[in-house]
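Work through the following exercises with the model open beside you, and try each task before reading its solution.

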Amino acid sequence: MSTPAFAVVGRVNKGKSSIVSTLAEDDSVRIEPEPGTTVEVRAYPVMVDGEVLFTLLDTPGFQRAGEVLAWLEARQPSAADRPAAVRAFVDAHAGDPRFGDECRLLAPILDGAGVLYVVDGAHPYRPNYEEEMEILRWTGRPRMALVNRIGAGDATAEWRPALDQFFTFVREFDAHSVTFEERVALLRAFRELDPGWRDAMDRAIAALIAERHRRRREAARVIGGLLADALTFALAAPVAPGAPLDVERGPLERRFHDELRAREERARREVEALYGHRVASWQAVAMQGTALEGDLFALEVWEILGLTPGQLVGAGAVSGAVVGGGIDAAVGGASIFTGTVLGGVLGGGAALWSVGRRFARASGGGLVSTLRDAQRYLEGGRMVRIGPHRGPAFPWVLLDRALVHYRSVATLAHARRGTVTLPAAQGEGIVAQLGTVERARLERLFQRVRRRSGDARDELVERIGKLLEGLDPV
Amino acid sequence: MAIGTRRLGLADVVDLEAQLARDAGTGADALHRRDRALVGGATSGDRAGLVKGWLEALRASAAGRDLPGRAVVRALRTVGALLVLAGLVVGSSTATLVLGYDGARPVNVWDVLLVLVGVQLVLLALLLVSLAAPVGSLGVPLLGLSRWLAQRLWRALAQRSPGVDARQREIAAVVARVRARQRLYGRLETWTLFALTQAFGVAFNVGALVAFLRLVTFTDLVFAWSTTLDVDAGAFHRIAAVLATPWQQVVPDAVPGLDLVEATRWSRLTGAFVGGAGPAASVRAGGWWRFLLLAVITYGLVPRLCTLTLATLRRRWLLGRLPLDDVEVQGLLDRLSLPVVSTRAGAAEVVGEVVAGSRALPRPPAGTGGSCVLVLWRDTPRAVVEPELPRGVGSGVRTVFEAGGRRGPGVAALVSAIASAADGDDRLLVACESWEAPDAALLELVAELRRAVGLRRWIVVVLVGAGSRPPTAAEVDLWSRRLASLADPYTALAPLMRAP
């Protein structure tokens, strides 16, 4: 083989596929308690810009190692002839279904692959494993043993003395809870198996680390985008003259919440896809309670938005006239009520401008919107606008949920299957551990994002990137 | 591939935003593969160079062939050309109107100065003020006229672009997107629109000057000035002299003298020059044209040429220094500069048989004190199994065999020995460690034993847990399913529950 290849071998049901799944970040690998589900050698090429730098090979498990070794030992080859003896075994049993798995797992090793021998370190060592180890030693290929613990027990100390005799390197590797750094450390150990593999492995490791950084930045973009969108998201609907507000309020509230939840879901799927999780599913309590409703529809906001433009302009004009009248009174009427008139006009104008601004936010702004607002004003129509969410806790809850989800996704080994349940964080998870300065900085950013200020969105993404660095250090 | 330093053009900016908008719904990995393939593994170059190279490759590909950047630039040029044309027409028409002389009443110098110089100076001043304090960008609806006009213009541009409705909609969406990203493109938009208006201004002045020269050359123009105010010829001369300051050293003939000013004061009451000079004065009155022509050039054309040059240079400068540091472009740059890493399997997995669901095996009949033959599978420790057997399966051990290893006889010989050792009523117990999977070798042994001892002899697979724990439910379930695949009603499974 021209590029490094590593055959992951071992007895059936010792976690070979789990290790391959985690190392290759491929959650499509079938992992079953049933022995013998891996019936063919499956290649997982690690490619950088299309160039294969090394390949992981998942193999069927040993099932008749004792008989294989007995066949080999019966030939009594010299040490130099042992690899040839193994090849002779494979050739002799190529069509024998009894030894099909052994032939398939040995073939890539005989073709030049390194050996990654997997044992279950949670259960006791048994001498019969020496049969498999001996066969692998006979192949003459560079070998490493991986102690994978399937279960709560720890018999690693029992295994070590035996493994050390058969393998150049012995590493512990829990396929279900390994971190990215531990994976990289293992790959660095692979490079030591054969000096000729170092260059390719170094390039692969560098690319994998760069890719990890890229994913983290992408995730920051997704989460920052979610926050910025959620903090500025608003829904508006016109209310027919005379129609009660409560009729519009319910459906609009539901639409608003559903849309926010849908955006959060979309962002989560994006982050999961970034990290190659296509099978595992995450279960979390949907945003609800005080995180959403409590702060969104404060009575004050609702009542202000419920006023007709005429009511607002009238109220403005009256208040302006009162102030102007005070000035008239102060000069003893010498101003001939100019103050009252001007005050009324200015107050009403300011209120009209304010209405225009509010409607503009809901309907796009600009001259045309203002004219439409004026038309609504004349018709006595009302506009109901929901959002953006003004609750002070809202961005924190959203951020915390996103961070908790991100940490789970970034650290979840691809060998894990099933549903991952996230804690019901309500602003008390990861963000609670942030320092005062960081919190203040984020709070300012939230406020700027809400005001749609300049590059606040980009700054928010940058800050979230820093937070993700803490959750997924590389 | 190394990409050098290159500048982005307006078409590039539009295409960049159009593509980013198109990519919004596509997965990050797919985009990474596409973009990396497009630039062929770019590793160096500045941001603009990388983006430019990517855009060029994109346009050459099927996906980017219909990007709207060039159409928008073409549309902008068309609008610019239309504005220039309009400026020429309006300028020449205005000059023709203002300089209209039918022989009855001379052209009023005040009118020429007011319309062709004064108005332009006021507009220029307003323009400079609006550049210094862009109130239109504050978002106040009634003051946002310029923004509204810009919006109209962009929409008109979108509608002008060739293609179907979808393309127009995309261009409109891209324009809206560009306009929404004010931090990045706000100034670029301002100066682009500014350059268009200044092109109009230059054309207006050129049109006015052409019309002016045509009238001077091919007609006899007579100029005069008049006023109701208490302004004497000396004061008007001083005003004219101040206006002529910029060129008085270069073209002294174009500075009206006091005698010309005095001679060309017009009285509408008498319908004649106040000085009463007759035809000679009329001839002299034609001497104003040089002054007026240079006034239009100096205060109309030159400032507009300056602002047009400024706008063009500024726009180019802004394009050359686009920060390209926003979140989306940074993502693009990541995709362009970082390699695509793939680790997943290329081919679909071939999966072996999986026995679905739980299969209950028959329980062995309770032991009556009879004996059994015990087979220890692969190092199952006899010391653990044997003392527990009476409690588990109710039998005592007659003979013990070891199986599953390389040492000892092969399967056939072993099975033969076991069958020979067992009495007619002896059960066959095969002790296995529960955490080991029931593999093909074990199933083969059980099947061979069945063949050797007949159909109705109980074969009981005894499961031993790890350490002091009994076999787990999951382990028992797995063993049950695998043994059930033998379809043998006299093969039973007995988890060994050791005393604590």
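**Exercise 1.** Determine at what angle the axes of helices α1 and α3 of chain B cross, and which residues make the contact.

Solution. Begin with the two elements, helix α1 (residues 10-22) and helix α3 (residues 47-60) of chain B, whose axes come within 10 Å and cross at roughly 75 degrees; helices here are DSSP runs of H or I with at least four residues, strands are runs of E with at least two, and both are numbered from the N terminus. The axes are lines fitted to C-alpha atoms, for helices over the stretch in contact, with angles running from 0 to 180 degrees between N-to-C directions. Because angles of 65 to 115 degrees count as roughly perpendicular (under 35 is roughly parallel, over 145 roughly antiparallel, and the rest oblique), α1(B) and α3(B) are roughly perpendicular to each other. Next, list the contact, meaning heavy atoms within 4.5 Å: α1(B) contributes B:Ala11, B:Asp12, B:Asp15, B:Leu16 and B:Gln19, while α3(B) contributes B:Val51, B:Lys52, B:Trp54, B:Leu55, B:Leu58 and B:Arg59.

The model is predicted, with local features needing pLDDT of at least 70 and side-chain atom pairs counting only at pLDDT 80 or more, whereas totals for chains, interfaces and linings use all residues. Residues are numbered from 1 along each chain as its sequence is written, chains are lettered from A and ligands numbered from 1 in the order in which they are written, and side-chain values use heavy atoms, leaving out hydrogens and water.

**Exercise 2.** Identify which residues have the most contacts inside the largest nonpolar core, and which helix gives the most to this core.

Solution. A nonpolar core is a set of buried Ala, Val, Leu, Ile, Met, Phe, Trp, Tyr and Cys residues joined through side-chain atoms within 4.5 Å, where buried means under 20% relative accessible area, exposed over 50% and partly exposed in between (1.4 Å probe, protein chains only). The largest such core has 51 residues, and A:Leu399, A:Tyr406 and A:Leu468 have the most contacts inside it. Among the elements that each supply at least two residues are α8 (198-232), β7 (235-239) and α17 (456-471) of chain A, but α15(A) gives the most, with 10 residues. Finally, A:Leu399 touches A:Leu227, A:Val431, A:Leu442, A:Phe446, A:Ile464 and A:Leu467, not counting residues up to four places away in sequence.

**Exercise 3.** Decide whether A:Arg42 is buried or exposed, and find what it touches.

Solution. A:Arg42 is found in strand β2 (residues 42-48) of chain A, and at 10% relative accessibility A:Arg42 counts as buried. Residues that A:Arg42 touches include A:Ser28, A:Asp58, B:Ala345 and B:Glu349.
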